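Here is a note to read beside the model. Each numbered point takes up one topic.

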Amino acid sequence: MINFNEIDVTVNGTGILSENATVSANNNLFSVYGLGRRNLAPQAINGPFQGNMQFDYILDIAYEPNQPITTTLKNTFPLFHHEPSRISIAGLTGFAYLDSYSINISPNNPGKATASYTTFTPFSGALAPKKGNFPYNTSGIIALSHGWSTKISTSDEAFSFPTFEFNYNFQANWQPVYVIGKTIPTQIHLMSIEENISISKDFYKNIQLAGQEGWQFLNFGFGPNANISLVALYGETIGGQPPVINININGMKVTSSKLSAGLNDIVKNTVELRRNY
């Protein structure tokens with residue numbers, strides 16, 4: 001029996017403060033039947049192996065291993081054939097591809113992230129407790145994200161705005177390529193990417209035009225290359241600067257603007273942005 005405090009969850013060698021983690025594997029089988037016969041043959045393979053490794057965790061802005069992967073995928077799409085990441089959970093290791101990633105920042109709560117990886121080859125290793133104390137990142141806990149200690153601002157901190165909730169979601173569509181005589185894919189292609197951002201604020205604007213730029217709608221007056229930045233207000237600095245995660249919103253379009261009002265609450269407006277690759 002292995003307890004939760006006896007395992008590690010790592011992404012390319014960087015440990016994370018995971019709260020929940022799952023490892024799943026699926027074989028596609030079907031039963032072969034013929035007229036006049038039962039159980040004509042044993043169950044046959046009807047598709048490839050596919051595994052999934054998923055975990056949610058508390059965000060350390062200084063050493064966040066998954067968000068840089070999303071940036072690399074976006075910056076090199078569609079020209080680069082990407083190598084898989086090495087994911088380890090409780091002694092099981094998979095060489096997998098990031099298919100979804102999300103961040104949530106809300107008042108009075110720790111910042112949370114969720115990542116899901118898909119693999120097309122079987123896992124290696126075995127269920128086992130960790131060996132010694134694995135560092136959760138290369139320098140210890142630096143800047144845990146929390147609603148009390150995280151600021152959401154724009155490029156170069158030129159403009160900070162009151163935000164009630166922030167959500168970021170990344171989805172990647174991976175397609176394996178198989179050839180006859182092989183059980184594992186010869187190539188893995190990244191076919192498409194979709195990003196969504198949801199920001200809850202204290203202002204309302206009507207959507208005036210289909211395809212309106214997000215940076216214009218949010219009154220970011222310094223151009224389309226603006227970043228939305230998650231800045232850690234407390235904790236150690238890196239090069240004299242507070243740790244930060246930057247999400248570029250160039251090309252993001254406004255998809256909805258929803259005003260909500262309720263008893264014993266302030267009026268809020270939620271703006272949603274989307275970008276496709």
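Helices and strands here are DSSP runs, numbered from the N terminus, with at least four residues for a helix and at least two for a strand. The model is predicted.

1. An early loop. N12 is found in the loop between β1 (9-11) and β2 (14-15). The phi angle of N12 is near 50°, which is positive although the residue is not glycine. Most residues other than glycine have a negative phi. N12 is partly exposed, with a relative accessible area of 44%.

2. The loop between β8 and β9. N108 is found in this loop, and N109 lies there as well. N108 is another residue other than glycine with a positive phi, in this case near 65°. At 52% relative accessibility, N108 counts as exposed, because the cut-off for exposed is over 50%. N109 has a relative accessible area of 38% and is partly exposed.

3. Contacts of N109. What does the side chain of N109 reach at 3.1 Å? The partner is the backbone oxygen of P107. The side chain of N109 also makes a polar contact with the side chain of S106, at 3.4 Å. N109 and S145 are 36 residues apart in sequence, while their C-alpha atoms are 8.9 Å apart in space.

4. Salt bridges. The count comes to 4 salt bridges. One of them joins E19 and K112, with the closest N and O atoms 3.1 Å apart. This pair links distant parts of the chain: E19 is in strand β3 (residues 17-26) and K112 in strand β9 (residues 112-119), 93 residues apart. E19, at 42% relative accessibility, counts as partly exposed. K112 also counts as partly exposed, at 31%.

5. A network around E195. Which residues are linked with E195 in a network of salt bridges? They are K74 and R275. Between E195 and K74, the closest N and O atoms are 2.7 Å apart. E195 lies in strand β13 (residues 187-201) and K74 in helix α1 (residues 67-76), so this pair ties together parts that are 121 residues apart in sequence. The side chains of E195 and R275 meet at 2.6 Å, N to O. R275 is in strand β17 (residues 268-276), and 80 residues separate it from E195.

6. Burial in the network. Are E195 and R275 buried or exposed? Both are buried. The relative accessibility of E195 is 0%. K74 has a value of 10% and counts as buried too, because the cut-off for buried is under 20%.

7. Helix α1. The buried residues of α1 are Q67, I69, T70, L73 and K74. Seen down the helix axis, these residues fall within an arc of 155°, so they line one face of α1.

8. The cis peptide bond. F77 and P78 are joined by a cis peptide bond, with omega about 0°. Most peptide bonds are trans. P78 is placed in the loop between α1 and β7.

9. Aromatic pairs. The count comes to 7 aromatic pairs. Among them, F77 and Y277 form an edge-to-face pair, 6.5 Å centre to centre with 85° between the planes. F77 is in the loop between α1 and β7 (85-89) and Y277 in the segment after β17, so far along the chain that 200 residues separate them. Y277 is partly exposed, with a relative accessible area of 31%. Y97 and F120 form a tilted pair, 6.4 Å centre to centre with 45° between the planes. Y97 is in strand β8 and F120 in the loop between β9 and β10 (124-125), 23 residues apart. Y97 and F120 are both buried.

10. Other ring contacts. F55, Y57 and Y117 form one aromatic cluster. The charged end of K268 sits over the ring of F164, 5.3 Å from the ring centre.

11. The nonpolar core. In soluble globular proteins, nonpolar side chains tend to be buried together. The largest nonpolar core in this model has 49 residues, of which F55, Y101, Y117, F166 and I197 touch the most other members. Strand β8 (residues 92-105) supplies the largest share of this core, 6 residues.

Definitions and conventions: Residues are numbered from 1 along each chain as its sequence is written. This is a predicted model: local features need pLDDT of at least 70, side-chain atom pairs count only at pLDDT 80 or more; totals for chains, interfaces and linings use all residues. Side-chain values use heavy atoms; hydrogens and water are left out. Buried means under 20% relative accessible area, exposed over 50%, partly exposed in between (1.4 Å probe, protein chains only). A nonpolar core is a set of buried Ala, Val, Leu, Ile, Met, Phe, Trp, Tyr and Cys residues joined through side-chain atoms within 4.5 Å. Rings of Phe, Tyr and Trp (its six-membered ring) pair if their centres lie within 6.5 Å; planes under 30 degrees apart count as stacked, over 60 as edge-to-face and the rest as tilted. A charge sits over a ring if NZ of Lys or CZ of Arg is within 6 Å of the ring centre and within 35 degrees of the ring normal. The arc is that of the directions from the helix axis to the C-beta atoms. A polar contact is a pair of N or O atoms within 3.5 Å; within protein, one must be able to donate a hydrogen and the other to accept it, and residues adjacent in sequence count only if both atoms are side-chain atoms.
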